[in-house]
Amino acid sequence: MPGDHLSDRDREALRLAYVLREQMRAWMSRRGVTAALMISPFVDRAGQPNVLVRMDANLALAMILSFHEADGR
């Protein structure tokens with residue numbers, strides 16, 4: 001069965017990447033942001049699940065502005 005070779009930490013990293021991707025896509029949609037987004041799951045050398053997020057400048061700037069709005073700036 002696909003995925004049987006994955007460790008629990010691998011599966012956790014995949015779940016984390018999936019949830020983050022869905023949340024970021026929803027956030028982008030609510031704000032009308034269309035941009036390239038890549039989220040890659042991995043397990044680091046310490047065995048901890050991680051995600052690597054890659055985005056273009058438009059998305060990065062939209063997120064920065066959103067953080068400033070949330071902070072009341």
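Two strands count as paired if DSSP finds at least two bridges between them. Keep that in mind as we walk through this structure, which is a predicted model.

Let's start with the strands. β1 covers residues 37-43 and β2 covers residues 49-55, and the two pair in the antiparallel sense over 7 bridges. If you would like one bridge to look for, find Val 43, whose partner in β2 is Pro 49. The hairpin that β1 and β2 form has 5 residues between the strands, and there Gly 47 takes a positive phi near 85°.

Now turn to the interior. In soluble globular proteins, nonpolar side chains tend to be buried together. Here, the largest nonpolar core has 9 residues: Ala 17, Met 24, Trp 27, Met 28, Val 33, Ile 39, Leu 59, Ala 62 and Met 63. Two elements, α1 (8-31) and α2 (57-70), each give two or more residues to this core. Of the elements, α1 gives the most, with 4 residues.

Ile 39 is a good member of that core to zoom in on. Setting aside neighbours within four places in sequence, Ile 39 is in contact with Ala 17, Leu 20, Arg 21 and Met 24, and also with Val 51, Leu 52 and Val 53.

Finally, have a look at the outside. Leu 61, Ile 64 and Phe 67 make a nonpolar surface patch of about 300 Å². Leu 61 is found in helix α2. Why does Leu 61 count as exposed? The cut-off for exposed is over 50% relative accessible area, and Leu 61 counts as exposed because its relative accessibility is 51%.

Key. Residues numbered from 1 in each chain as written. Predicted model: local features only at pLDDT ≥ 70, side-chain atom pairs only at ≥ 80, totals over all residues. Heavy atoms only, no water. Core = buried A, V, L, I, M, F, W, Y, C linked by side-chain atoms within 4.5 Å. Buried < 20%, exposed > 50% of the residue type's maximum accessible area, 1.4 Å probe, protein only. Contact = heavy atoms within 4.5 Å. Patch = residues over 30% accessible without salt bridge, like charges linked within 9 Å, V, L, I, M, F, W, Y side chains within 5 Å. Areas by Shrake-Rupley, 256 points an atom, 1.4 Å probe, with all protein chains shown as cover. Salt bridge = Lys/Arg side-chain N within 4 Å of Asp/Glu carboxyl O.
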